[in-house]
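Please open the model in your viewer and keep the selection tool at hand. The tour below goes from one selection to the next and says what is to be found at each stop.

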Amino acid sequence: MTVMDFFGCAFLAFGPPLAMFTFTVAAEPIRIIILIASAFFWLISLLLSSVLWYAVVPLQNHLAFGLIFSVLFQEAFRYLLYWVLRKAERGLDKVTTTHVADSRHVFAYVCGLGFGFMSGVFALVNVLADAVGPGTMGLRQGTEYFFIISAATTLCFILLHTFWGVVFFSALDRKNWGQVIWVVGSHLFVSCMTLLNVYQAYIATTLSAYVVLMITTALAFKVAGGRPQNVVQCFSRQ
Amino acid sequence: MAKCLHYGYLLIFFVINLVAAERIKDMIYMNFEGVAACFRRHNGTHQFGCSYKASRSGSVGVIHLVEDEDDIRWLEHNATAGDYTVVLTFSMFTRDILLQLKNMNNINGVLLAKNSSQPLPEFYSPEDTCPNRYSGYKQCNDDVLVDWNPHGSSLLMEDWPFPMFYTENQTLVEAVRSCFLKHNAHDIENQQHRPLCALEMKSFMFAAINSESCIKRSDFKLNFNPTQFCDPLGDRNIYWPLAPINQDKNSVILVTARLDASSLFDGISPGAGNVVTGLVTLLATAYYLNTLAKDAVVNKTNVVFCLLNGEAFDYIGSSRFIYDLKEGNFNALGGVNLKFDDIKSVIEFGQLTEGELFLHSNNAQNDEVIKKIQVALNAKILEGSVPPTSVQSFLEERPNLTAVVISDHGQQFKNKYYNGILDDAESLNFNKYSAILMSDGLATALAKIATSVAEILYEDVFGARPFVDYDSSHLVEFYVSEMLKCYLETAKCTLFQAASSPNAKLANQVLSLYVGVHRVPNTATTLTGQLLAFLTREEVSNMTEAMCYENHLIWMAGINNTGLCINSTVNYSTAMSPAFIIDGYDMKSGMYSTWTESIWQTLSVRMFLKPSAATERLTMILGSSVAGVSFILKNDKLLGIRCGPHINGTVGSSRGRGCSSN
């Protein structure tokens, strides 16, 4: 019955990232390796945040506490990943034909996508598992659109992580601290907005997340050297 | 590590769209605790009970409260939201309505909800009008049509294609009701466009067709990987002889009562008026006869008390008892082989209440004991009448056996809830306070029967009238009321506690008297056997617990919980139908009981909102189109365009964020 819900949500959340993976990452082995490495870094950040959450018993029931520290851990590990990649650049150059130092944005993008994939999987798999069952949300609380909103939020987070990666890496390269602050700040902001879901303010949550996504996309586009006319060119075959 | 990840799992779950520290499943579903399920049973030719027709995964139906005939008609003609689960009260839980539901193809389940604010129904008996119709001495297809159980609806004798559950938990009933009113009831013609309150019932039964097929399927010889599909019904019979059985020649008066009732739902078979009254009277009689006969010596006639199990299912206990007697296998009493010829007469305690009594008597014209009982109880004799109880088996074996049933009914049961879930303390008007105060009532009536029968038996066995002191007969009444409390109110009672080993944990609930499957010992049988041993005990003094066990005696808690070592001659014998032990028995012959119970995995009910088709479609379309568009965009439009960041010239073939034309 609600197998439709399951597939609908899965396509919605993971369809675009999968397309990005297929056409931009899958082409080169080195990118796949970096994608997996970055996903692993995200996992470690998750592990650390859970250790913290587990250790601080009195605050376990306060969502905001775990959330903020989780975001900080993720950003810390994004920095760590950046640092490791820069260290590894020369070594990577030897095993691949691509000049890693010349395509830093590409690797930033791949790292962000890895982060996004992992966080998306962890966020949605639990929900997807329950989406299969015969029931939907709403008996006690929530709405029947819970699953679709969850999927949309997850998609937003995957894309956000991707663009945050691009902006963050290039900002560190150029020592542009404003952009670093934007990444960390917007990550905190969007995550904290999801706390409003308790009050069923789904529209506010989702809208704010997508607004931040658009700003970050534009920023990433600019950072990567894109110009408005490129967009037009993209959509018109010459 | 795994633990941390587990918590991490939870944590990130919080981070993205978290609502509370529980799984989403817990917010979607409301599991129903304390519901009783209807399950499947087989005999040699048919299947009975409930199971969902299609799948193991549970049957889902939109809730519809049925309060009158109009609701049924609406379900039949106007219902639009697919499959329904019907919620009924006792007033609508009738054969006609259920058969109507069976013939509709959009019913996926029935929930019977007892509404405590409504009065009990006039009558509710799921049993046949003639219980055990096809077995015993006088079967019901005789020329004289006898409706022993006039209110019987034969619900037990049908195969229902949907699951049925019963609940008397008022919180659940109220939850179902309010969920229905909130989500389903308004604008009911267009309800299919909304998410609707629905129930999922899981009660898939593994067995099918009949006992023969399901046993064959479980057979090791045919299957390399045998799975159990069904189990024969059965448990144990309980016996207690007044005096040791002789090695050679015996003359035995058999005093019997039934030990089991049945009902449509698992775990609820109170059998108050049906079984408990007769059972308690037998226990009291045994107790009193034992007190009277403390020092006397039996000369020619002996008395054996037996409690027969599985009688509701074609007389399992009595037919097995007789089979064992005939085969010379019956040696539960002191290891001596008793024979069927040793039985002089059979006295059975049937359903008993206060008021008029009847003696259903067969071949008892010249029997002194029976005559005296008739006089003492002022009972009305019904010559040649054989109610559907254990005597049927004895008379089938030997039609000229002297056999009587002492009961409160004539040709029709007075019990309105025979073998139903409502046959409980309430229906008997049993009041624990009046029982304690020793005012006249059920306990007094039963005690009177017990003392009269015991005194007459004493006279017959020992040839002299017993010396009766007021105290001991008074004590009988006390024990009767205590026993009634044990069986009707809660098993956590003084007598069961006293008759168990010290510190035994007894369930605080009414015992279910359903016989169950033979693999699993029935708690009710065990407790009754221990109680009989306690009541007819021979105390062995100066024994510690260890010494007691060393001498193969029984250590019980005793009334004061001080510990008591007793010597008892109470014993058990298997009560499983001979059909399952005879090699090559023809299951369709109808000679012995062939009842089996299906195996099941889960019995559960949960409530949730079933999403509307519109929302499902929206999710699917949105998801597919987003995924589709992103693939097409990346594929078609960007092919042939080298996209990538615009730093330092070439960036290989990366089609990342920025694009630049070739």
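The stops that follow are a strand with its partners and then a pair of helices, all in a predicted model.

Begin by selecting strand β14 of chain B, residues 302–308, where 7 of the 7 residues are buried, so that the strand is largely enclosed by the rest of the structure. Colour its two faces separately: B:Asn302, B:Val304, B:Cys306 and B:Leu308 lie on one side, B:Val303, B:Phe305 and B:Leu307 lie on the other, and both faces are covered.

Next, add strand β12 of chain B, residues 234–241, which runs antiparallel to β14(B) and is joined to it by 4 bridges. To find the register here, centre on B:Pro241, which stands opposite B:Val304 of β14(B).

Then select strand β13 of chain B, residues 252–258, whose pairing with β14(B) is parallel and extends over 7 bridges; in this pairing, B:Val252 is the residue that stands opposite B:Asn302.

Now move to the helices, selecting α13 of chain B, residues 470–488, together with α15 of chain B, residues 523–535, which pack with their axes 13 Å apart and at an angle of about 165 degrees. Because angles over 145 degrees count as roughly antiparallel, α13(B) and α15(B) are therefore described as roughly antiparallel to each other, and their crossing is right-handed. Show side chains for B:Tyr479, B:Met483 and B:Tyr487 from α13(B), and for B:Thr528, B:Leu531 and B:Leu535 from α15(B), which make the contact. By class, the residues of this contact comprise 5 nonpolar, 1 polar and no charged.

Technical notes: Residues are numbered from 1 along each chain as its sequence is written. Chains are lettered from A and ligands numbered from 1 in the order in which they are written. This is a predicted model: local features need pLDDT of at least 70, side-chain atom pairs count only at pLDDT 80 or more; totals for chains, interfaces and linings use all residues. Side-chain values use heavy atoms; hydrogens and water are left out. Axes are lines fitted to C-alpha atoms, for helices over the stretch in contact, and angles run from 0 to 180 degrees between N-to-C directions. Angles under 35 degrees count as roughly parallel, over 145 as roughly antiparallel, 65 to 115 as roughly perpendicular and the rest as oblique. A crossing is left-handed if the near helix is turned anticlockwise from the far one by less than a right angle, and right-handed if clockwise. Contact means heavy atoms within 4.5 Å. Ala, Val, Leu, Ile, Met, Phe, Trp, Tyr, Cys and Pro count as nonpolar, Asp, Glu, Lys and Arg as charged, and the others, Gly among them, as polar. Buried means under 20% relative accessible area, exposed over 50%, partly exposed in between (1.4 Å probe, protein chains only). Two strands pair if DSSP finds at least two bridges between them.
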